[in-house]
Amino acid sequence: MDTNNYNSPNKSISMIENLNSLVKQNAGDTIINNTAIPDAHNEEAVQEASTAIEQSLKTSLSGGNVKEVANLFNSSGENITANPVTQQATGNFASRLQSRYGLNVQQAANIANNLIPTVLQRLVHKAKDPADSSFDLQNIFNEVSEGKTKGLNVQSMLAKIKGGMDRDKDGDVDLQDLKAFFTGSGGVVDKVKGLFK
């Protein structure tokens, strides 16, 4: 089996299982010990939180909001709640809590606001830690971009975005080209991959 294939079932399961595990580690008071969520639904609620995070990363990249995702993974965890990816995941999870478990707006918001930023902060730290193999930055991007980052050096891409890409001066791709790369528009795929290998 090609372990580098982003569609590999083992790879996909591993990422979501690791995300579920990370959510569960931080869900004590917000989900597990929360009487607003029946015990029978604890595992399902954990999965809903994981899905909300995964979907927010996917929709941000597919919508061309590359800088928001890059800023999230470039951060040291400070002001993580202000990141649009975090806000989208938090809102998504709160909506899921309301629709699936009948929580009111305040209950759902409290749970989502207390859980999602914490999990994303831990995810970012784990993805950056070379001693922690549970989350690999390259694999995360390969999966949430549906394979578009395969062959791309994600670390290099994030470093260039963090440093501020030199638009149209020294041949670096600009943010518009990078957005087109993720959204599938424009003929910039080879150009972008060449820059970030």
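The exercises below, each with a worked solution, concern a predicted model of one protein chain.

**Exercise 1. Determine how many helices and strands the chain has, and in which order its elements run.**

Begin with the count, which gives 10 helices and 0 strands for the chain. Reading from the N terminus on, the order of the elements is then α-α-α-α-α-α-α-α-α-α. As a further step, consider burial and contacts: of the 197 residues of the chain, 44% count as buried, and among contacts between residues at least 6 apart in sequence, 61% join residues at least 24 apart.

**Exercise 2. Locate I32 and decide whether I32 is buried, partly exposed or exposed.**

The first step is to find the residue, which lies in helix 2, the stretch of residues 28–32. Next comes its accessibility: buried means under 20% relative accessible area and exposed means over 50%, so I32, at 32% relative accessibility, counts as partly exposed. The last step looks at its surroundings, where, leaving aside residues up to four places away in sequence, I32 touches A27, D39 and N42. For V46, which is 14 residues from I32 along the chain, the separation of the two C-alpha atoms is 8.9 Å.

**Exercise 3. Check whether the span of helix 3 agrees or disagrees with its number of residues.**

Helix 3 covers residues 42–62, that is, 21 residues. The expected span is 1.5 Å times one less than the number of residues, and therefore helix 3 should span 30 Å. Its end C-alpha atoms are 30 Å apart, so the two values agree. Beyond the helix, one may note that helix 3 is followed by G64, whose phi is positive, near 85°.

**Exercise 4. Describe how helix 3 packs with helix 5, and which kinds of residue make up their contact.**

Start from the geometry: helix 3 and helix 5 (residues 84–101) pack at an angle of about 140°, and their axes are 8 Å apart. Angles over 145 degrees would count as roughly antiparallel, so at this angle helix 3 is oblique to helix 5. The crossing of the two helices is right-handed. Turning to the residues, those of helix 3 that meet helix 5 include A45, I53 and L57, while on the side of helix 5 the contact includes V85, F93 and Y101. Sorted by kind, the residues of this contact divide into 9 nonpolar, 7 polar and 4 charged.

**Exercise 5. Find where E146 is placed and state what its phi is.**

E146 belongs to the loop between helix 7 (137–144) and helix 8 (154–163). Although E146 is not a glycine, its phi is positive, at about 55°.

Note on methods
Residues numbered from 1 in each chain as written. Predicted model: local features only at pLDDT ≥ 70, side-chain atom pairs only at ≥ 80, totals over all residues. Heavy atoms only, no water. Helix = DSSP H or I, 4+ residues; strand = E, 2+ residues; numbered from the N terminus. Buried < 20%, exposed > 50% of the residue type's maximum accessible area, 1.4 Å probe, protein only. Contact = heavy atoms within 4.5 Å. Axes fitted to C-alpha atoms, helices over the stretch in contact; angles between N-to-C directions. Parallel < 35°, antiparallel > 145°, perpendicular 65-115°, else oblique. Left-handed = near helix turned anticlockwise from the far one by under 90°. Nonpolar A, V, L, I, M, F, W, Y, C, P; charged D, E, K, R; others polar.
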